Amino acid sequence: MTYADRRHAHRRTRAAVALGCLLALVSAACTGGADDSGTSGAKGTVEGPIVVASGLDVTGSGSVRQQLIEEWNRRHAGSKDRQAKLVELPGAADQQRSQLLGALQSGSARYDVVNLDITWIPEFAEAGLISPLPAEESGTADDADFIRQVHATTLWKERSYARPFNTDVGLLYYRPDLLTGADIDPDKQPNANWTWDQLYSTVRTLGLNPVRRDERAGWTTQLKQYEGLTVNTVEAFADAGVHLTDGEGRYSSSPGKLKKGLDSLLDRVGRGRVQPAALGSDETASLADFAEGRAVFLRHWPYAYGALENLMEAKQYAVNRLPGKAVLGGQNLAVTADSPRAEDARALVTFLTSRESERCLLDAGFAATRTSVYGSVPKPCWPRVAAALRPAGDAPKAEATGEGTREGQGTEARRAYIRLLGAALTEAVQRPRTPYYGAFTQVLQSHVHALLAAERPDTAAAADHLDHALRDVFAGR
């Protein structure tokens, strides 16, 4: 069944249920399924809680998402119908996507709000599983405060289906202690204008050419066959000027362009002298290799900045923008198409993505989605959320560094980090926008991982095979 067929079937099912309610002369609100346990309130509302489905919090922050839900509940303590509940889905991103798709398509789980990876928005929108924002809530002055590239991830076919919750972007972490120890002056170390060629040159200066995992490498990243490999591949492609789709999700590449992109990726692995373990590394493994001195440079997400505070001394690590292009990541909050609590669910989403809530997310280790949060006078995190995030016994920090953040590298380093993070987000690139993203990423990972594992990689042959496979994927075959 195609996405269009599925969407039409979904609408026919909802229409049939509505007609059944009408014929039965049911006076209570019809919520779209016989297994719904909610009942109508005096004003036609449905009893809560408002259920939010989300992946696990990777920041180790003490669950800032849960703390924000609790703040909402405190503010609506007198209304049982407006209480909210967070349901965290186990597993990796691909598993979470499958769980959400299955639950929403079957109606087996009553989720009102779903926290979707930004790459899933076209698929869920095309399938009719999430509701577009009402016209009066889209394109408002408040929307203008979201970082433009980040807000663009909520759109599909010129309609907004979600609000940006937390975002992500690739960053370059490095070991100033190891660089300085090799007589590389601070002014020759990473800065905002650094290039991959400068990284390669530094690796040559260090004389790094690892063969085994326990040997020090120039850099490491996530090249295991999962979404991290897709991200690294798209970044290398973007640096080479290779784009896989147009703005409408149609395939726009060719074997020649793909070869150029694959050569760029192999260049990074070879000239950058990547850690041998990277081919099987995810975020956790690559972070450990960096922290334990097996790599001088690391490509990772913003949450690693907070994680390293618990793994290393402040003088042992630093962070800057990734050389070249960096891929945008993150999650958006959408209201499900069948939610019987849609109005309250939208109000909850507005609260969770407010300026104060976004500041809480930044303080906890996520990248915030609003421009104002990176400004000189941001709104502070909700006081009780900030207190809950602060380690026991810690005194409040100055507002400029954010309550709830650890001392880490100090106030000035924290401010510099926030500035570079905000700047990196404004120039980040997106992965392909397509309702077939799940199939696309599996195909890309399979072909690229085989190429990286080959003893004598043939990028021309690999590009030709990948071109045929991607043409089928983006055509929905």
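Here are some friendly notes on a predicted model, set out as numbered points to follow alongside the structure.

1. **The overall picture.** Start with the chain as a whole. It has 477 residues, and buried residues make up 53% of them. Along the chain you can find 17 helices and 11 strands. Now look at the contacts with a separation of 6 or more: 75% of these are between residues 24 or more positions apart.

2. **The nonpolar cores.** In soluble globular proteins, nonpolar side chains tend to be buried together. In this model, the largest nonpolar core has 74 residues. Leu171, Tyr173, Phe297, Tyr374, Leu421 and Leu470 are the residues with the most contacts inside this core. Apart from this core lies another one, of 26 residues, which includes Phe165, Val349, Cys360 and Cys381.

3. **A closer look at tyrosine 173.** Which residues does tyrosine 173 contact, leaving aside its neighbours within four places in sequence? Among them are Phe290, Val296, Phe297, Leu298 and His300. Trp301, Pro302, Ala304 and Tyr305 are also on the list, as are Leu308, Ala318 and Val319. You may recognise Phe297, which is named with tyrosine 173 among the residues with the most contacts inside the largest core.

4. **A stacked aromatic pair.** A pair of aromatic rings is described by the distance of the centres and the angle of the planes. Searching the whole structure gives 11 aromatic pairs. One of them joins tryptophan 120 and phenylalanine 124, with 6.3 Å from centre to centre and 20° between the planes. This pair counts as stacked because its angle is under 30 degrees. Both partners are away from the surface by the burial measure: tryptophan 120 is buried at a relative accessible area of 5%, and phenylalanine 124 is buried at 0%.

5. **An edge-to-face pair.** Next, compare the angle in the pair of tryptophan 196 and tryptophan 219. Their ring centres are 5.2 Å apart and their planes meet at 65°, so this pair is edge-to-face. Tryptophan 196 belongs to helix 7 (residues 196–206) and tryptophan 219 to strand 8 (residues 217–220), so the pair ties together parts that are 23 residues apart in sequence. Are these two residues buried or exposed? Tryptophan 196 is buried, at 8% relative accessible area, and tryptophan 219 is buried too, at 2%.

6. **More aromatic arrangements.** Rings can also gather in groups, and here Tyr251, Tyr437, Phe440 and Phe474 form one aromatic cluster. There are charges over rings as well. Arginine 75 lies over the face of tryptophan 382, 4.1 Å from the ring centre. Likewise, arginine 299 has its charged end over the ring of tryptophan 301, at 4.3 Å from the centre.

7. **A salt bridge between distant parts.** Side chains of opposite charge can pair when their charged atoms come close. The count for this model is 33 salt bridges. In one of them, glutamate 126 pairs with lysine 157, and their closest N and O atoms are 3.2 Å apart. The partners are 31 residues apart: glutamate 126 is in helix 4 (residues 121–126), while lysine 157 is in the loop between strand 4 (155–156) and strand 5 (159–160). Glutamate 126 counts as buried, at 9% relative accessibility.

8. **Salt bridges along helix 9.** How many residues apart are lysine 259 and aspartate 263 in helix 9 (residues 255–271)? They are 4 residues apart, so about one helical turn separates them. Their salt bridge has its closest N and O atoms 2.8 Å apart. Lysine 259 is partly exposed at 30%, and aspartate 263 is partly exposed at 30%. Arginine 271 and aspartate 267 also lie in helix 9, again 4 residues apart, with 3.0 Å between the closest N and O atoms of their salt bridge. Arginine 271 is partly exposed at 34%, and aspartate 267 is partly exposed at 30%. Elsewhere, salt bridges with shared partners join Asp142, Asp143, Asp145, Arg163, Arg355 and Arg370 into one network.

9. **Threonine 153.** Finally, visit the loop between helix 5 (148–151) and strand 4, where threonine 153 lies. Threonine 153 is buried, at a relative accessible area of 1%. Its side chain reaches the backbone oxygen of valine 150 at 2.6 Å. Not counting residues up to four places away in sequence, threonine 153 touches Ile118, Ile121, Leu328, Asn332, Gln430 and Arg433.

Key:
Residues numbered from 1 in each chain as written. Predicted model: local features only at pLDDT ≥ 70, side-chain atom pairs only at ≥ 80, totals over all residues. Heavy atoms only, no water. Phe/Tyr/Trp six-rings, centres within 6.5 Å; stacked < 30°, edge-to-face > 60°. Buried < 20%, exposed > 50% of the residue type's maximum accessible area, 1.4 Å probe, protein only. Helix = DSSP H or I, 4+ residues; strand = E, 2+ residues; numbered from the N terminus. Lys NZ or Arg CZ within 6 Å of the ring centre and 35° of its normal. Salt bridge = Lys/Arg side-chain N within 4 Å of Asp/Glu carboxyl O. Polar contact = N/O pair within 3.5 Å; in protein donor to acceptor, adjacent residues only side chain to side chain. Contact = heavy atoms within 4.5 Å. Core = buried A, V, L, I, M, F, W, Y, C linked by side-chain atoms within 4.5 Å.
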